Amino acid sequence: QVRLVESGGGLVQVGGSLRLSCAASGFAFSFTTMAWYRQAPGKERELVARITNRGTPDYVDTVVGRFTISRDNAKNTLYLQMNSLKPEDTAMYYCANLVVGFWGQGTQVTVSS
């Protein structure tokens, strides 16, 4: 079955960095467009970044220049490098398989000012 397990979240100060990882299994990861979503309290879940199976990325405007999505198809792992973090980046971050519409359990990111 499809499984996505996120890790790497935590508490960080404004301007700090975190690297999220998502271990994928149960599907052909190397052929699948993947994405990171986030959901802050009281807000809808939003797409943060996605990456095609060939490695072409795109980002929501609010993270351009700060976040980098990448993948290692040999390790079936998706990454999100987050730099210059802001309080408004505080949210639960989810890894997603966009082909079957499946999300992981999420990892919390909290940016303190």
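This report describes a four-stranded sheet, a disulfide and one buried threonine in a predicted model.

**The sheet**

Strands of a sheet pair through backbone hydrogen bonds, either parallel or antiparallel. In this model, 4 strands make up an open sheet, arranged in the order 1-3-8-7, and their pairing is antiparallel. Strand 1 (3–7) and strand 7 (67–72) are the edge strands, each of which pairs on one side only. On average, neighbouring strands of this sheet are turned by 15° against each other, with direction ignored.

Two of the pairings in this sheet are set out below.

| Strand pair | Sense | Bridges |
|---|---|---|
| Strand 3 and strand 8 | antiparallel | 6 bridges |
| Strand 7 and strand 8 | antiparallel | 6 bridges |

Strand 3 covers residues 18–25, and strand 8 covers residues 77–82. Individual residues can be located within these pairings. Cys-22 has Leu-78 in strand 8 as its bridge partner, while Ser-70 stands opposite Tyr-79 in strand 8. Strand 7 and strand 8 also form a hairpin, with 4 residues between them. In the turn of this hairpin, Asn-76 has a positive phi of about 55°.

How many of the 6 residues of strand 8 are buried? The number is 5, so strand 8 is largely enclosed by the rest of the structure.

**The disulfide**

The structure holds 1 disulfide. It is formed by Cys-22 and Cys-95, whose sulfur atoms are 2.1 Å apart. The pair links distant parts of the chain: Cys-22 lies in strand 3 and Cys-95 in strand 9 (residues 91–97), 73 residues apart. Both Cys-22 and Cys-95 are buried. Is the disulfide left-handed or right-handed? The torsion about the S-S bond of Cys-22 and Cys-95 is about -75°, and the disulfide is therefore left-handed.

**A buried threonine**

Thr-107 belongs to strand 11, which covers residues 107–112. Its relative accessible area is 10%. Because a residue counts as buried when this value is under 20%, Thr-107 is classed as buried.

Which residues does Thr-107 touch, not counting residues up to four places away in sequence? They are Glu-6, Ser-7, Gly-8, Gly-9, Leu-20, Ala-91, Met-92 and Tyr-93. For Gly-9 there is a further detail: its backbone nitrogen lies 3.1 Å from a polar atom of the side chain of Thr-107.

Definitions and conventions
Residues numbered from 1 in each chain as written. Predicted model: local features only at pLDDT ≥ 70, side-chain atom pairs only at ≥ 80, totals over all residues. Heavy atoms only, no water. Pairing = 2+ DSSP bridges. Helix = DSSP H or I, 4+ residues; strand = E, 2+ residues; numbered from the N terminus. Axes fitted to C-alpha atoms, helices over the stretch in contact; angles between N-to-C directions. Disulfide = S-S within 2.5 Å. Buried < 20%, exposed > 50% of the residue type's maximum accessible area, 1.4 Å probe, protein only. Polar contact = N/O pair within 3.5 Å; in protein donor to acceptor, adjacent residues only side chain to side chain. Contact = heavy atoms within 4.5 Å.
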